Amino acid sequence: MTTIEPIEPAAWRATIERALASGERFAGAWATERGSGLGWRALLVGEGGTRALSCNAPGGAIDTIADLTPAADWDEREAHDLYGLRFAGHEPMRALATHTNDPAQWMTPVHGDGVHQVAVGPIHAGVIESGHFRLHVVGERILAMDPRLFYKHRGLERASEGLSPEQALPYLQRACAACAVANTVAYAQAVEDALGLRPDRELRVTRTVLLELERVYNHLHDIGAICAGVGFAPGSMAFAALKDRAQQAIAAAFGHRFLFGTIAIGTGAAALDATAADTARASLRELRTEFAAAWRELEFTGSFQARLGGVGVLEAQDALRFGAVGPAARAAGVPEDVRSHSPQLAYDGFAPAMLPQPAGPAGDVGARLRLRAVELDASFDLLDERLAHPLARGVALAGGTANTGSVATTGGTGGGRFGAGRVESARGATACVVELTGGIVERVHLRTGSYANWPALTHATAGNLLPDFPLINKSFELCYACVDR
Amino acid sequence: MFVLLRQLERIRRSQRLPSGDPRWLGIRHVDAGSCNGCEHELGAVTNPYHDLQRHGLDIVASPRHADILLITGPVTTRMAGPLLTAYRAMPEPRLVAALGDCALGCNILGHAPELAAPLDLQLPIDIRIPGCPPTPDAIAQHLLAALALDG
């Protein structure tokens, strides 16, 4: 059960400051709208688990915490643009979701001799999601980068409001195809948390297998994308083929190349009998052998390897400061992985895959590449073990404590329930929170690994050469759809 | 896989392209607010399994080089402008392809104020590729048929 604690608006900053000082980390924040009143909530993660803090925003304003934890910068800007919440002390408040024609509204002011701007997107040269980058450069050196996303904002969270949790599920799934399993498992966990349901062993195992299959095809894709980022066609083609093989195996087992429709609330929506599990296991073993061979080719291609070192460096202290998650954080030496503490899934005894010393943690493109290879091995191991047995649908049973009335203490609407779920996607910690009233979704918020990592990517880009930007971008390989929602 | 490719060849031949018809078409992709599924599958069409290029279809970097504007997503308010800019930048004759159910206006998920008018009210759609997302095979099949459309 995730608790939600009401905080007096005047004590908001001090409470967050105290939590951060005691070792808790910021894991997302979201605005709420009840009648004419605005509310503001934050999710904190610590050794003791996850908890949420809640406060009202009298007059639509609240103190900023972005200076205490830069990880909250985007969350505050989003709430400002989409909910009209004002943050005292957040200066300047740059536009994030609102697209104005005035560059001063959203760009970092960069001045000096020879400084000029390179504008990229929203439409890119290849098959890439829509988003705009404004690179401030001198010669070929990038001084700063301003990403402008939300071109793909579909208002999925708003569209989910007023629906039943089951009706809202497709909206969460369609936030991003490549993270569909991670996002919907986080959502299902949040609803189950709110309703006091606990997944049984079967449901935990099946969801874990689906999450790892999603990670396998994404990591194979991301390795290929890094090859493409330096124009190394043999690597990019080899890994594109491996990714397709993974998706073919996934479709053969579960009927959809992106595993759509495999996650439900309170129950399983996918199963494999002994024969199907065996077939999937054999396909993955074959894939693993071919992955190992393709990876060896990459390791011994000097011209490729020479492009990766010291590029797009993210240091551990910056990864922590900006709230980086997933492979980006682990490649920087931060051993954070939601799978280490996922009692709602079947990651018994999981330890985050880290790069062996002295190879890491360099926090550069090469480190992010190698970390994915190490994680692929761990995922293949886990899948091989789990697919030795058939997978049952499973069910989530009453047994947890329902959060009845916990939202009512802060929002004032009565009878509300709150729940939170956290899952490690291929891009990192993904959090989903729901507030239910009378069995209806009153608010749902999804903060994906991609969302968490954009500020870190922006930071890691500065100081690099302009032609390396696509490579740095690919080494994080963040989704835009996941961020824009 | 190879059976499928042979079948695609048969489809292409059966359409009896006159010798003067184009043997190459450039495709400019615009993501107008997709979930990224259509992008993954469009990317897969150029992987070694599907290898669309050998049939004379390729993804090009600029709308100026494109014969087909291929659109994914339900058209968000923020992408409507860039989409029309890309369309207007294309030389004529030009074709418009809607890739995936969202671009086709089916089962669109989203908050109405964030979405622009449906694609078929904004541009004339010549090629319809249904699916959520359409598989690489389906995308290849529909685009190959388009080779016979142009001319």
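How many residues lie between β12(A) and β13(A) in the hairpin they form? There are two residues between these strands. The model is a predicted one, in which local features need pLDDT of at least 70 and side-chain atom pairs count only at pLDDT 80 or more, while totals for chains, interfaces and linings use all residues. Residues are numbered from 1 along each chain as its sequence is written, and chains are lettered from A and ligands numbered from 1 in the order in which they are written.

Back to the hairpin. Helices (H or I, at least four residues) and strands (E, at least two) are DSSP runs, numbered from the N terminus. Strand β12 covers residues 416–425 of chain A, and its partner β13 covers residues 428–437. The two run antiparallel and share ten bridges; strands are said to pair if DSSP finds at least two bridges between them. Ser425(A) sits opposite Gly428(A) in β13(A). As for cover, ten of the ten residues of β12(A) are buried, that is, 20 or more other C-beta atoms lie within 10 Å of their own (12 or fewer would be exposed, anything in between partly exposed, with C-beta atoms placed from the backbone). Both faces of this strand are covered: Phe418(A) and Arg422(A) are among the buried residues on one side, and Arg417(A) and Val423(A) are among those on the other.

Chain A also has an open, mixed sheet of four strands, in the order β1-β4-β3-β2. Its edges are β1 (3–6) and β2 (25–34), each pairing on one side only. On average, neighbouring strands are turned by 25 degrees against each other, direction ignored. β2(A) pairs with β3(A) (residues 37–46) in the antiparallel sense over eight bridges, and Glu33(A) has Leu38(A) in β3(A) as its bridge partner. Helix α2 (residues 73–83) packs on this sheet, touching β2 and β3 of chain A, and its direction makes about 10 degrees with that of β2(A). Here, axes are lines fitted to C-alpha atoms, for helices over the stretch in contact, and angles run from 0 to 180 degrees between N-to-C directions.

On a wider scale, chain A is divided into domain 1 (3–98) and domain 2 (156–401 + 423–452), with bounds that come from an automatic or database domain assignment. Their C-alpha centres lie 27 Å apart. Each domain puts eleven residues into the contact between them, where residues are in contact if their C-beta atoms, placed from the backbone, lie within 7 Å. On the domain 1 side, β2(A) gives the most, with five residues.

What about chain B? It has five helices and five strands, and 42% of its 151 residues count as buried. The contact between the chains takes 32 residues from chain A and 33 residues from chain B. On the chain A side, α7(A) gives the most, with four residues.

Finally, there is the largest nonpolar core, with 192 residues. Such a core is a set of buried Ala, Val, Leu, Ile, Met, Phe, Trp, Tyr and Cys residues joined through C-beta atoms within 7 Å. Cys176(A), Ala324(A), Leu69(B), Ile71(B) and Leu99(B) touch the most other members. Helix α6 (residues 201–229) of chain A gives the most to this core, with 13 residues. Not counting residues up to four places away in sequence, Ala324(A) touches several residues, including Leu314(A), Ala329(A) and Ala452(A).

Methods:
Two residues are in contact if their C-beta atoms, placed from the backbone, lie within 7 Å.
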